[in-house]
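Dear colleague,

I am passing on the structure that I have been going through, and I would be glad if you kept it open while you read the notes underneath.

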Amino acid sequence: MKFVVVSTILAQVTAFGVVKSPFATRTRLAVSTGNIGLGPAKDQKEGKKELVAGVDYEVPKHEEYRTSRRSKLDEQCDKWFGSLLNASDGGVLGDLSDAARTILTTPVELKNEAQKESRDDPEWTPYVTTKLPWTPLVPAFGLEEYGLPVPRRNAETWRHFDVVGMVETDYSGVPEGTGTILKLSDEQVEKYTVDLVKKGGWLKDDECTARLVYINGRFCPQLSKTSAHAHNLESVNEAPDEVKTCLQRLTDGFTDELAAPVPSGDSEVLTSYQKLSGPNHNVGDPTSQFAINVQQGTACFAALNTVHTGAVAYVHQPANEVASKPVLVVNAVTNSGGAESSLDESKGVATHPRALVIADEGSILSFVQSVVDLDETGDHRPKLYNGYTQIFVKGGANVTHSYLEESGGVVTPGTEKTDEELKEGETSPREIEAKRPELRDTHLEAIDVQIIGDDGDYKGTMMNTGGSGRVRVALSVALLRPGSHATVNGFCLAGGAQRTDIKTNIHHVAQGTTSEQNQRNMIGGR
C-alpha cells in the first residue's frame, strides 16, 4: 500500500482584457503599469490608471456561471445525489433532519476572496485566490448545485473510487417501514438468530452488556438486548441537549465549532475549525477548493444520513463506570434490502444506519459494530448502505471500538487466472464474477471520533472482508485535549472485481497528543 502526501499551491494567471460597455457604475479598479528593463514608460508619470466597472469592463452575472464547469458525469453525480435526497422517507431526527436538508439544498455563496491589506493583520494568509473583477466567480468542484461537496470522479478524495459505477446505479428506493419498529414472527426470530450466529453477528445475552439489532435500517427489539445506557433512540425531541448537539454535527469541518475548546498557550482557547493553525496554515473555509482537496468527502453523506435515518443506536457510558462486556450493534441486510414488492425492479434501495456513542469521564467501554448479510430467498436488489457513526470520548475515558464489514456476499475466487490457465470447458471466474449481483452494492461508512476530554483514549479497529462491489470506510479522529491518544488499526481483504477504499485522518489539534496507526491489506483478483 502506498501513502502519498501531496502539497499543492494553486496560482491563477488571467490574461488582462478590457471590454467596453455603455452601462457605467462607480466601481473603480486601480492598475499599476510599468516596464521592466526598457526604461520608464510614457504614461508612467501618470501613476495608477483607474478602471471603471461598466465602462472599462463588464461585471459578470456570476450566477449564470455557477454550473458552467460541470461535465456530463458531474451532472449525473448531482442528479444521482438529488434522487437520494428527495426520496420519500421516515426519518426520525425531526428538526435536525430539516436543518441538514437546508444545508444541503442551500447553494454556497459565490464570493471573491480578498487579500488582507497588511501582513500585520493577525488573519493575514498567503493562501488566497483573488480573481479579477471581470472574471466569473464559480464554486469549488462538487459544490455547483448543493451546499456540501458531492462526489466527483476527479476529486482528490474520490479518484481511486468507482464513482461512475456508483452513480450509474439507482438507489432511490426506500425500505418498507423505515422509521418504525420491525416486528417479527416467532419463525423469523428463530431463523434470523440462526443466521446471525452463523454469520458471526451475534453475542449471547450473558456475553454482552447490550445487543442492538437492525434489519435493513429498522430496529428489531425481539432480537435485541437493551439497557438503560444502550438502546434505540426512539425520539430525538425528548433527547438531552447534548445528544442533539452531537447528532447535528457534520464531518470535514462543516461544523465549524470544535466539539471541545482547545487550550493554546497560556490563556488562549481555540473554538473554530477553519481558523486552526492560522494564519499561514489556516484550515480555512471548508467550501474552498483548498479545503475540499484534503477532505474525506463524507460531509454530504453524513448530512444525507441525518435527513433520512430511521433509527439511532445510542450508547451512553456513565462516568467512572466500567463495561465488563461489549456493546454490540448489528446492522443486517437482506437480499431485497427491505424494498416494497411494488417498487420498480430497476431500482435499488438505500439505508442510513446511525450510531452515537458518548463515553463520560473515567468510563471504559467496548463497542462493536457488525454489518452482515441475512440469508434470504428472493431476488437481489442493488443496495446503498450509508452509515454514520459518531463517538465522543471525554476526560480519562477509554473506548475500544471494532467495526466489521462482512456484507455483500463472497467474491469469486480465481479471477486472476488467465484464459491459458483454465481447464477445457471451465467457465472463466471473471465471467462468473462479472455477473455477481452484489457488485452493484455500495457500502459507505463515515466514522467520526472526537476526543473531547484530557487523557481520553480511543482504540479503533476496522475490518472489511465483505463482497460488495464498492466499499468505502472513512475514519476521522480529532484529538482536541492535552494527553489524548488514538490507536487506529485497519485490515482490508478484497478480491474479484471489488473496489475498496479505507481512509483515515488523525487530527492532532491539542498539544501533547499521540497516535498510532497500522494498516494491512490483502488483495486478489484482477
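What follows is a short account of the aromatic rings and of two backbone positions.

Please bear in mind that this is a predicted model. The count of aromatic pairs comes to eight. In one of these, the ring centres of Tyr 57 and Trp 134 lie 5.2 Å apart with their planes at 65 degrees, and because an angle over 60 counts as edge-to-face, the pair is placed in that class. This pair links distant parts of the chain, since Tyr 57 belongs to the loop between strand E2 (49–52) and helix H1 (72–85), whereas Trp 134 belongs to the loop between helix H2 (95–105) and helix H3 (163–167), 77 residues apart. Both Tyr 57 and Trp 134 are buried.

The rings of Tyr 214 and Phe 219 also have their centres 5.2 Å apart, but with the planes at 50 degrees, so this pair is tilted; both residues are buried.

One aromatic cluster is formed by Trp 80, Phe 81, Tyr 146, Trp 158, Phe 161, Tyr 171 and Phe 301. Over the ring of Trp 158 sits the charged end of Arg 472, 3.8 Å from the ring centre, and the charged end of Arg 69 sits over the ring of Phe 141, 3.8 Å from its centre.

As for the backbone, most residues other than glycine have a negative phi. Asn 216, however, has a positive phi near 50 degrees; Asn 216 lies in the loop between strand E3 (210–215) and strand E4 (218–219), and at 9% relative accessibility it counts as buried. Asp 455 has a positive phi as well, near 60 degrees, and is found in the loop between strand E15 (442–451) and strand E16 (457–464).

With best wishes

Key: Residues numbered from 1 in each chain as written. Predicted model: local features only at pLDDT ≥ 70, side-chain atom pairs only at ≥ 80, totals over all residues. Heavy atoms only, no water. Helix = DSSP H or I, 4+ residues; strand = E, 2+ residues; numbered from the N terminus. Buried < 20%, exposed > 50% of the residue type's maximum accessible area, 1.4 Å probe, protein only. Phe/Tyr/Trp six-rings, centres within 6.5 Å; stacked < 30°, edge-to-face > 60°. Lys NZ or Arg CZ within 6 Å of the ring centre and 35° of its normal.
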